[in-house]
Each structure stands twice: as structure tokens, then as C-alpha cells.
Amino acid sequence: MRKTSLDSVYQFAKNDSRIIFIGSDLGPGVMEGMKQEMPERFFMEGVSEQHIIGMAAGLAMEGFIPYINTIATFLTRRCYEQVALDLCLQDLPVRLIASGGGAVYAPLGPTHLAVEDIAIMRALPNMTVVAPCDAQEMRRLMAASIDWPHPIYIRLAKGGDQVVSRPENNFEIGKAIVLKDPGTGLFVTTGVMTQLALKAADVLANQGLDCGVMHMHTIKPLDQSALEFWLPKTQAVVTVEEHTRIGGLGSAVLELCSDLMHEHVSKIARIGIPDHFAEQYGSQETLLKYWGITVESLCQTMRAKLKKA
């Protein structure tokens with residue numbers, strides 16, 4: 001995903017003089033083609049995340065469209081005030097490409113695990129929050145991001161993930177994609193957890209349970225119309241995210257239901273990361289298993305919810 005997103009920035013910059021790239025200590029060789037071809041629009045600023053947010057804000061005020069890339073925890077925790085005041089308060093078209101959403105950097109421990117990034121970014125007025133499910137969808141998001149009038153937080157997975165998106169589904173910021181029509185149950189997912197939900201839906205289908213998958217790539221703005229259309233047609237809904245259960249996708253869905261469709265709140269269950277920092281080091285897969293975010297847990301939760309329906 002990261003390579004796809006950065007390659008897209010470079011390709012779009014060839015045809016659009018407004019596009020600028022700003023990196024924070026990304027190492028030698030990153031975006032070398034853009035650096036050589038258009039050095040006046042390529043900046044590598046070192047370990048200075050607060051600075052590059054302010055820098056991007058100033059460039060956006062001059063009519064440029066800056067794309068920033070660094071590790072997700074640095075773009076969120078480290079420079080939250082700058083993101084809030086320099087970007088969101090001014091409602092500037094800056095794109096934050098956040099590497100390592102969720103447990104991608106599991107070997108580095110809790111300092112590098114972006115487990116609350118969706119929550120804190122969606123709390124900011126004017127901020128758009130998007131988590132693509134694979135590299136192909138990332139390419140479509142990047143194209144859609146160019147003329148989006150607000151700041152965007154783009155959550156990246158580790159890369160090399162299975163491609164499950166389809167071009168014919170199109171892509172529009174703020175519009176969910178139903179990858180499998182709901183039956184009695186519905187998984188509402190975001191990011192690469194959509195891949196997990198599709199596998200769980202296949203397992204349940206073999207057991208005689210028809211469950212759909214709604215890929216909510218945009219967590220903010222949430223697709224209200226999609227939820228209002230599909231939730232009444234299902235008996236059970238399970239939200240799935242590689243993020244703390246507080247403030248993420250599941251919270252957003254419950255908030256919408258509480259405000260507009262409170263009769264459906266009871267059919268919703270949430271799967272996500274428990275409310276504590278990671279207690280183990282290891283791989284992304286081992287941490288997800290430790291937290292109970294697996295195909296088996298998705299199936300078990302859906303079966304339990306349908307049983308109560």
C-alpha cells in the first residue's frame with residue numbers, strides 16, 4: 001500500500017503542478033524519481049513531524065496540495081495540536097499518509113502501534129479518515145484525493161495484502177462498498193479487516209449462514225445512507241476493526257444508530273482491540289490472535305448475535 005500511494009503521488013505530480021511531497025526521515029531512496037525530476041516539490045525534513053505539518057499548511061495556503069508520509073503514531077500522537085490547528089481549523093487540503101495502522105509495527109511495541117489513530121483523527125472537525133482494504137483500492141483513493149477540499153488521514157496497512165476490491169465497485173470518498181450482499185448477518189469493516197470479514201463470511205456460508213460484508217473504507221464522513229438501507233434488512237451486525245473499540249468504526253456505527261436508528265443498536269456487536277496498550281511483542285498476526293481478532297472470533301461473534309436475534 002505504501003509503495004502504491006507514494007508512486008501515485010509521483011505520477012500525479014507529473015501532471016499537476018499543485019502536488020508536493022513531504023517526508024519525515026523516510027530513509028534514502030524513497031521517492032527518488034520525484035526527487036530527481038522535480039526537486040522543487042520534494043522535501044525530506046528529518047525527524048520533525050510538528051514542523052512538516054505547519055510547513056504543509058503554509059504550502060496549502062499558497063495553492064499547493066501537499067502529501068505527507070511518515071509512521072502513523074508520529075502523524076497522530078506526536079503532532080496532534082498542529083494537525084488540529086494548522087490543518088483542520090483552516091480546513092486545508094493536506095493528505096496525511098500514515099504508515100503502519102493498527103498492529104503493523106508489532107515488533108516495535110506500543111510506542112509504534114497506531115491503535116487509537118482513527119478515534120483521535122475522526123474527533124477533529126473537517127478531517128476525513130480513510131482506510132483502504134488493499135493496494136488497488138489505495139490507487140483509486142489517491143486519485144480521488146487530489147481535489148478533495150478537506151484534510152485527509154489515510155491509514156496504511158503493511159503492504160502485500162490480498163486484493164479483494166474490484167474496479168467495478170468504483171470508489172468514492174464517503175461511500176461504503178458492499179462486497180457481499182447481506183443475508184441474516186452483516187459484517188461492517190474497514191481497512192484490511194475487510195479481508196478477514198470476507199473469509200469469515202465464506203466460513204459461515206459453508207455452515208448455512210448467509211452473512212454480507214460492507215467495506216466502510218471511509219470512517220469519516222460515515223456513509224449514513226448505506227447503513228440506513230442495509231441495517232434494517234439484517235438480524236445481526238458485527239463491526240470489525242484493527243483499532244481500539246473506543247472511538248473507531250464500531251463507535252461511529254453505534255453513534256449513528258443511537259442518533260437515527262436506535263431500534264437497531266441491540267443487533268450490533270463490536271470486534272476490536274481491548275482498551276489497554278499492547279502487552280506483547282511479536283508479529284501483527286500474533287497480536288491480532290492475542291486480541292481475539294481472527295476469522296474464528298468473527299464467526300463465533302456473528303453466530304452468537306444471530307442466536308439472540
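# A guided tour, one selection at a time

Start by selecting D210: at 41% relative accessibility, D210 is partly exposed. That label covers the range between buried, which is under 20% relative accessible area, and exposed, which is over 50%, using a 1.4 Å probe and protein chains only.

Before you click on, know that this is a predicted model, in which local features need pLDDT of at least 70, side-chain atom pairs count only at pLDDT 80 or more, and totals for chains, interfaces and linings use all residues. Residues are numbered from 1 along each chain as its sequence is written, and side-chain values use heavy atoms, with hydrogens and water left out.

## Stop 1: charged pairs

Side chains of opposite charge can pair when their charged atoms come close. A salt bridge here is a side-chain nitrogen of Lys or Arg within 4 Å of a carboxyl oxygen of Asp or Glu. How many salt bridges does that rule give? The count is 10.

Keep D210 selected and add K180: their side chains form a salt bridge, with 3.2 Å from N to O. K180 is in strand β7 (residues 177-180) and D210 in the loop between α8 (193-206) and β9 (211-215), so this pair ties together parts 30 residues apart in sequence. K180 is partly exposed too, at 22% relative accessibility. Now pick D16, R18 and D147, which salt bridges with shared partners join into one network.

The helix and strand names follow DSSP runs, numbered from the N terminus: H or I over at least four residues for a helix, E over at least two for a strand.

Next, select R78 and E49. Their side chains meet in a salt bridge at 3.0 Å, N to O. R78 belongs to helix α4 (residues 72-78) and E49 to helix α3 (residues 49-61), so the bridge ties together parts 29 residues apart in sequence. Which partner is buried and which is partly exposed? R78 is partly exposed at 35% relative accessibility, while E49 is buried at 2%.

Step along α4 to R77, whose side chain forms a salt bridge with that of E116 (3.0 Å, N to O). This pair links distant parts of the chain, 39 residues apart: R77 sits in helix α4, and E116 in the loop between β4 (95-99) and α6 (117-122). R77 is partly exposed, at 32% relative accessibility, whereas E116 is buried, at 18%.

## Stop 2: the cysteines

How many disulfides turn up in the whole structure? The search finds 0, where a disulfide would be a pair of cysteine sulfur atoms within 2.5 Å. Select C79 to see why: the closest cysteine sulfur, in C88, is 11 Å from its own, too far for a bond. C79 is buried, with a relative accessible area of 0%. C299 is in no disulfide either, and the nearest cysteine sulfur, that of C211, lies 8.2 Å away. C299 is also buried, at 3% relative accessibility.

## Stop 3: empty space

Rolling a probe the size of a water molecule over the atoms shows where empty space is left. The search uses a 1 Å grid over the protein atoms alone: a cavity is a set of points where a 1.4 Å probe fits but cannot get out, a pocket is an open set with protein on both sides within 12 Å along at least five of seven lines, and lining residues have an atom within 4 Å of a point. Points are joined across faces, edges and corners, and a volume is the space filled by probe spheres set on them.

The largest pocket has a volume of about 480 Å³. To find it, select M193, L196, K199, E285 and L288, the closest to its centre of the 16 lining residues. Helices α8, α11 (284-291) and α12 (295-308) each give at least two residues to that lining.

For enclosed space, there are 3 cavities of 30 Å³ or more. The largest cavity holds about 110 Å³. Of its 15 lining residues, R155, A157, G191, V192 and E242 lie nearest the centre.

## Stop 4: helix α7 and a glycine

Show helix α7 (residues 135-145), where E137, M138, R140, L141, M142 and S145 are buried.

Finish at G160, in the loop between β6 (152-155) and β7. Is G160 buried or exposed? At 83% relative accessibility, G160 counts as exposed. Add I22 to the view: the C-alpha atoms of G160 and I22 are separated by 24 Å, and the two residues are 138 residues apart along the chain.
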